[in-house]
Amino acid sequence: MGGVRVATWNVNSAKAREPRLLGWLDERAPDVVCLQETKLSDEAFEETFGAALAERGYEVAHHGEGRWNGVALLSRVGLEDVVNGLPGAPGFPHQEARAVSATCGDLRVTSVYVPNGRDREDPHYAYKLEWLGVLRDMVEAGDPSSTIVAGDFNIAPADLDVYSVEAFAESTHVTAPERDALAAIEKTGLHDVIRDRWVDVPAFTYWDYRGGAFHQDRGMRIDLVLAGAPVAERRAAAWVDRLARKGTGPSDHAPVIVDLDTAPDGDIGPVVPPPSMGANRGRSRKKA
DNA sequence: ATGTCAGTCCAAGACTGA
């Protein structure tokens, strides 16, 4: 194994996304996948995807409730010690299927679907902040150095992460309490892998279905991959798979993909070739 | 341009959620 490709994608109904999801797995071949908004029961997910995912070599941890929410982890580098939900998380009023964690190889991975918050005055907003606090506590109680928390955070971390600050003046997703709650999670030792790589590029991950938002790039960056420092340092590539937002029957979210090199103490050497084998040699030779 | 899409109930089109 020469490195691990980790991805997160809010599919906005796994059932409605079945052909797109399977085609995307074949195209991108991620090793670990965090899914959100599967909108399926565990039984329905198994029935719809069990065989297709097993064929592709994935072990599956799905935590669903049926109509809404629903998260999953797919892994072909191991899937152990699965925990459904956030221990001690608030509900509305019942606990919702918004988190699932597992150990995948040398990574402790959590797929999260953070509550939307709806409006600043809505009780769901307070629920969202409280839920984020419990997520922070869970990360801190674990080992942040081997942690990945990825998913739909429903928070744009900074003004760069929305297409228009004015358009969000009265909205959730951009408020100081939400951003503070995210910062508190990161302060346990997690890094925003896409933002580390693309320092001043918006890198939107979500575009409303309405009003031609995708075509006009009126988007938001709300799907994040957070990783402990030793994991984030293994980053070989990090990007938003905008192709998956195009064409027929897309989700309103695009996947985020992060490639990690093998850990320094792994038994296989680095993925990046030495300078003498660099890609530029071939290109310049061809020119000459 | 809040101009879409997905789920539910239940058989069509309202309602809810994002």
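**Exercise 1. The DNA strand**

Of the 13 residues around DNA strand B, which come nearest? Then describe the contacts in this predicted model.

*Solution.*
Step 1. Ser13, Arg17, Arg118, Tyr209 and Arg210 come nearest to DNA strand B.
Step 2. Ask which part of the strand is involved. Sugar and phosphate make up 74% of the atoms of DNA strand B that come within 4 Å of the protein.
Step 3. Go through individual polar contacts. The side chain of Arg118 has a polar atom 2.7 Å from a phosphate oxygen of DNA strand B. For Arg17, an N or O atom of the side chain is 3.3 Å from a phosphate oxygen of the strand. Tyr209 uses its backbone: a polar atom there lies 3.4 Å from a sugar or linking oxygen of DNA strand B.
Step 4. Sort the surface near DNA strand B by class. Six residues are charged, four are nonpolar and three are polar.

**Exercise 2. The annotated domain**

State what UniProt lists for residues 7–253, and give the helix and strand content of that stretch.

*Solution.*
Step 1. An unreviewed UniProt entry lists residues 7–253 as "domain: Endonuclease/exonuclease/phosphatase".
Step 2. Over these residues, the chain is 26% helix and 25% strand.
Step 3. The C-alpha atoms at the two ends of this stretch are 13 Å apart.

**Exercise 3. Helix H3**

Test the length of helix H3 (residues 123–141) against the expected span. Then find its buried residues and what covers them.

*Solution.*
Step 1. H3 has 19 residues, so at 1.5 Å a residue it should span 27 Å.
Step 2. Its end C-alpha atoms are 27 Å apart, which agrees.
Step 3. List the buried residues of H3. They are His124, Tyr125, Tyr127, Lys128, Trp131, Leu132, Val134, Leu135 and Val139.
Step 4. Recall the helix geometry. An α-helix has 3.6 residues a turn, so residues three or four places apart point the same way.
Step 5. Identify the cover. It includes strands S6 (99–104), S7 (107–113), S8 (147–152) and S9 (190–192), along with helix H4 (176–186).

**Exercise 4. Two strand residues**

Are Asn10 and Val83 buried or partly exposed? Give the surroundings of each.

*Solution.*
Step 1. Place Asn10. Asn10 belongs to strand S1 (residues 4–10).
Step 2. Asn10 is buried because its relative accessible area is 0%, under the 20% cut-off.
Step 3. Beyond its sequence neighbours within four places, Asn10 contacts Gln36, Glu37, Tyr113, Asp152, Asp223, Ser251 and His253. Asp152 is 142 residues away along the chain, yet the two C-alpha atoms are separated by 6.5 Å.
Step 4. The Asn10 side chain also reaches the backbone nitrogen of Asn12, at 2.9 Å.
Step 5. Turn to Val83, in strand S5 (residues 80–84). Its relative accessible area is 30%, so Val83 is partly exposed.
Step 6. Not counting residues up to four places away, Val83 touches Ala99, Val100, Ser101 and Arg108.

**Exercise 5. Backbone exceptions**

Locate the cis peptide bond from Phe92 to Pro93, and place two residues with positive phi, Glu37 and Ala203.

*Solution.*
Step 1. Start from the usual case. Most residues other than glycine have a negative phi, and most peptide bonds are trans.
Step 2. The Phe92 to Pro93 bond is cis, with omega near -10°. Pro93 sits in the loop between S5 and S6.
Step 3. Glu37 has phi near 55°. Its loop runs between strand S2 (32–36) and helix H2 (42–55). Glu37 is buried, at 12% relative accessible area.
Step 4. Ala203 has phi near 55°. Its loop lies between helix H5 (193–197) and strand S10 (206–207). Ala203 is buried, at 16%.

Methods. Residues numbered from 1 in each chain as written. Chains lettered and ligands numbered in written order. Predicted model: local features only at pLDDT ≥ 70, side-chain atom pairs only at ≥ 80, totals over all residues. Heavy atoms only, no water. UniProt positions renumbered as here; feature names shortened; annotations may be inferred. Helix = DSSP H or I, 4+ residues; strand = E, 2+ residues; numbered from the N terminus. Near = heavy atom within 4 Å. Polar contact = N/O pair within 3.5 Å; in protein donor to acceptor, adjacent residues only side chain to side chain. Nonpolar A, V, L, I, M, F, W, Y, C, P; charged D, E, K, R; others polar. Expected span 1.5 Å × (residues − 1). Buried < 20%, exposed > 50% of the residue type's maximum accessible area, 1.4 Å probe, protein only. Contact = heavy atoms within 4.5 Å.
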